[in-house]
Amino acid sequence: MRTILTLSMVLLSFLAIAQEVVIKGKITDENSGEPLPGATVQVGSSTMGTVTDVDGEFALRLKSGEQTLTIRYLGYNDFSMTIDASANKYVELSLKELNSELSEVVVYGSLQGQQKALNQQKNAANIKNIVAADQIGRFPDPNVAEAIQRIPGATLQRDQGEGRYVIVRGLAPQFTNISINGEQIPSPEAGVRFVALDAVPSDQLSSIEVSKALTPDMDGDAIGGSVNLITRKAKNSDLEIQGTLVGGYSELMGKPNAQGSLLLGKRFGQNEKLGILVNASHYYTDRGSDNWERDGDEIELRDYELRRTRSAVSGTVDYRINPNNELYFRGIYNSFSDREWRRAIIFTPDVDDSPFEDNEIGRFTKDRFERQNISSFNLGGKHMLPGFSIDYEASYANAIQDTPFDYEVGFIAEPDELSLDFSDSEFPAFSTNSDFSYLDNINYEYDELEAGNTYAKDENITGKVNIGIPYMIGENQGLIKFGGKYRAKTKTLEVTNNKYEWAGGDVSFDGQEGDFTLEKFAGGLVDDNFLDGQYKLTAAPDMDKAITFFNANRSGFELNTDDKQVDESVESYTASEDVAAAYLMTDIKFNKLQIAAGVRFEQTSVEYSYNTVFFDDEGDLDEIVPEKGSTDYSFVLPQINLRYALNNLTNIRFAATTSYARPNFESIVPSQEINIADKEGTIGNPNLEPVSAINLDFMVDHYFGTVGVLSAGVFHKNLDKFIYKRVYETSIYNGIDFGTDVELVQDVNGQTATLTGIELAYQQNLTFLPGALAGLGLYANYTYTASNAELADRSGLGETEETNLPGQAAHVGNLSLSYGLNGFTARISGNYAGAYLNELGDDADEDEYINDRLQIDATANYQINSQFNVFAEFLNITNAPYEAYVADEKDQIIQREFYSWWSRLGIKFNF
């Protein structure tokens, strides 16, 4: 009887919900018409309500009859209205900004980016940071990685001075997943999963979300965090036209950079049912770097010259069938190209005075072109039906890294004497015998020409569905949500590598005859102020001349077939990965307490094919064996997020979640390259397991009505089966007897690791100050983290040792001070990333660290009117270098790289 009564009550509750009406609507700014995401919509004095989505839209299920709705939004006046909820309807509401009397001080629209981001953060069920498009535009950040570095707890790994990989809360890039419009995107790089975000222009996005605590409806492979990039959508029937025209200058190369973008968006039809938006941009820059690196007793001078382009086009087509049903298609295509010329001098002394070795100085030129393409397409629908809602989506994403040519030519000189002096850790010195000059190219004889190409492709095909069923517990409204996802991934890498030696005797080129020496083939750019004049350079090998000679004298070159077979076989592979996931969760609010909790299950199956390479006792190629393998694993991931609203402006948050991180493909594919002669080798690890984590978060955030936030939080993570590179010696591996001890390098699972940190943030436009001081604004955040990881003792004694997690910087922070008056705004910003362990060596004395770095940027803009804005940006004003050192001793520098400063001047328009 009790069971029947319970079922009857559930049925009556469902029927009551099915008889409710659906009120959908959109909330916008009264003046600009901009949508207001993150606004709270409350029904009367009850706990019932909702929050507007990224497009400013909301949906409510209400009982039939008159209902009062109250809308709240930071920086705006509260608004209440009474509606007749007798039938399904769509309403449009507009809010008026607070403090409109400050318009003489505050730049037009300068608060809107903060308002959108902070409102969404304040009302989110989980801990997240959100950056809106117009807030991104306030900093000089041309790509997505650079924009994310302004978020609390986020820092970057850089390449040639530009941000590339994102580190969240001190965890390396492989611990953070990257999505576009809610779906993971693949990585164009051959062996890894994480995505280089310098390929994605920041002007393609409406917002960036960084979730630091997961909910069950999110992918579970994100220990550091989950980054979601959201593209734009048409707003209303007024034609929207936005664009940017920018020109700039790179001081190191003395060359320009430029950028242009154009956005068109409009909704069509009497009820604006059809929305179409297209957004395109292109950016190019000529830049470079001056670099020196040390490897043991060897030093290398590197002079880089680069041309980079970043192009993208995105679009959204959405159709509102009626207020309760919507279909959409979203797509984005990003193309990043990198043409690199690297001129290097390598000094290698015979420190042991061995009769079998020589002092060598090498002159090398590298000419490489690489293009990375990342595409994502999403087709789906959203429906609110009687008693439940459903959304579904099919998506396709691919990432390609195509290197159609990668040339390197080298010439070698052998001085009688060569010594290096590292007493000056910032700029080491070198010397040769007095009758030898490293600048005289006639001393260098041809060594080798290497010509190759690679093609890597990563492809995801995904389908997912989510169903939500509303329910009531007393007067408290909740939502039961469940769904599933299936993703099929394929990843391939194809490698071609040719190494040519010269066997043709004397040469004749460009009117010169004789030995195959460098002076006949030198040319190109010569940096007369390399590293501020610390070292002198002369003309390097000219790649165009080398290729011209190669094409005209093919018969004189010999291809090293063994090296070709080894390189191509070991590096190439094909892998497939199938992921099936399902979840069940609830999101319910009891008065001031919101609970979002549930469980997620994910099953992963991986198959791969590869080649194993063996060498004979003489070090010559013996055999290449094609092989296949597979691995499977699954996770059950419980999650709970609590948000307690002390009042409308203050939250207390707690989260206890579980997550994991998958190994990189290059780590699990068990290919082997064993060189018996050199007694060294690298091997994959098919037994490598994913890293799992338990994550705890506690945070208090208080929001200011005039737009701003003050927050403080602590977090702790327990990681199990931490992955690191193990170096060890053995004479037998996988049943193969090498006949001698061989030093092997392999990714293996460690034991446990912990990460603990605090996170502080303060952001406010100081409009409460008197007079002109009301134009001041402050943006600041700081994160401290400490980690401890246990791994097998590298001394080989069978014990354990402790170290920091690679990528974990103790101190990370941002500080930005701005001032606005009468349409003018100036801002100076500092981004600081502390030193961190980058790579574990054979022992602790060889561990590599990246030094701390502070970059100072400045921007200024003038809002001519609501349509036009002119701006200037200056980046890396203090020429902050990239530095690496070993053994946790900052005076043992092994790399210094300088980029100088660069600037941009442009105009933005918005109609």
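This tour moves through a predicted model, from its internal cavities to one helix and one sheet.

**The largest cavity**

Begin with the interior, where the structure holds 13 cavities of 30 Å³ or more. The largest cavity has a volume of about 280 Å³. To centre the view on this cavity, select Gln 121, Asn 129, Pro 152, Val 709 and Ala 761, which are the closest to its centre of the 26 residues that line it.

Next, colour the elements that each supply at least two residues of this lining: α2 (112-123), β8 (128-132), β37 (691-704), β38 (708-720), β41 (752-765) and β42 (776-792). Strand β41 provides the largest share, 5 residues. Colouring the lining of the largest cavity by class should give 15 nonpolar, 7 polar and 4 charged residues.

**The second largest cavity**

Move now to the second largest cavity, which encloses about 230 Å³ of space. Select Asn 177, Gln 184, Arg 193, Phe 194 and Asp 221; of the 21 residues in the lining, these are the closest to the centre of the second largest cavity. The elements that give two or more residues to this lining are β11 (176-180), β24 (445-473) and β25 (476-502). Of the contributions to the lining of the second largest cavity, that of β11 is the most, with 3 residues. By class, this lining has 8 nonpolar, 6 polar and 7 charged residues.

**Helix α6**

Select residues 561-571 to display helix α6. Which residues of this helix are buried? They are Val 566, Asp 567, Glu 568, Ser 569 and Val 570. Then show the side chain of Asn 560 at the start of α6. A side-chain oxygen of Asn 560 reaches to within 3.4 Å of the backbone nitrogen of Asp 562.

**A four-stranded sheet**

Finish with an open sheet of 4 strands, arranged in the order β3-β2-β5-β6 with antiparallel pairing. Select residues 49-51 for β3 and 79-84 for β6, the strands that stand at the edges. Each of these has a single partner strand, so one side of each is left without a neighbour in the sheet. From one strand to the next, the twist averages 20 degrees.

For a closer look at one pairing, select β2 (residues 40-43) together with β3. These two strands run antiparallel and are joined by 3 bridges. Where in β3 is the bridge partner of Thr 40? The partner is Val 51, so labelled in the viewer by selecting Thr 40 and Val 51 as a pair.

How values were computed:
Residues numbered from 1 in each chain as written. Predicted model: local features only at pLDDT ≥ 70, side-chain atom pairs only at ≥ 80, totals over all residues. Heavy atoms only, no water. 1 Å grid on protein atoms, 1.4 Å probe; cavity = no way out; pocket = protein on both sides within 12 Å on 5 of 7 lines; lining within 4 Å. Points joined across faces, edges and corners; volume = space filled by probe spheres on them. Nonpolar A, V, L, I, M, F, W, Y, C, P; charged D, E, K, R; others polar. Buried < 20%, exposed > 50% of the residue type's maximum accessible area, 1.4 Å probe, protein only. Polar contact = N/O pair within 3.5 Å; in protein donor to acceptor, adjacent residues only side chain to side chain. Pairing = 2+ DSSP bridges. Axes fitted to C-alpha atoms, helices over the stretch in contact; angles between N-to-C directions.
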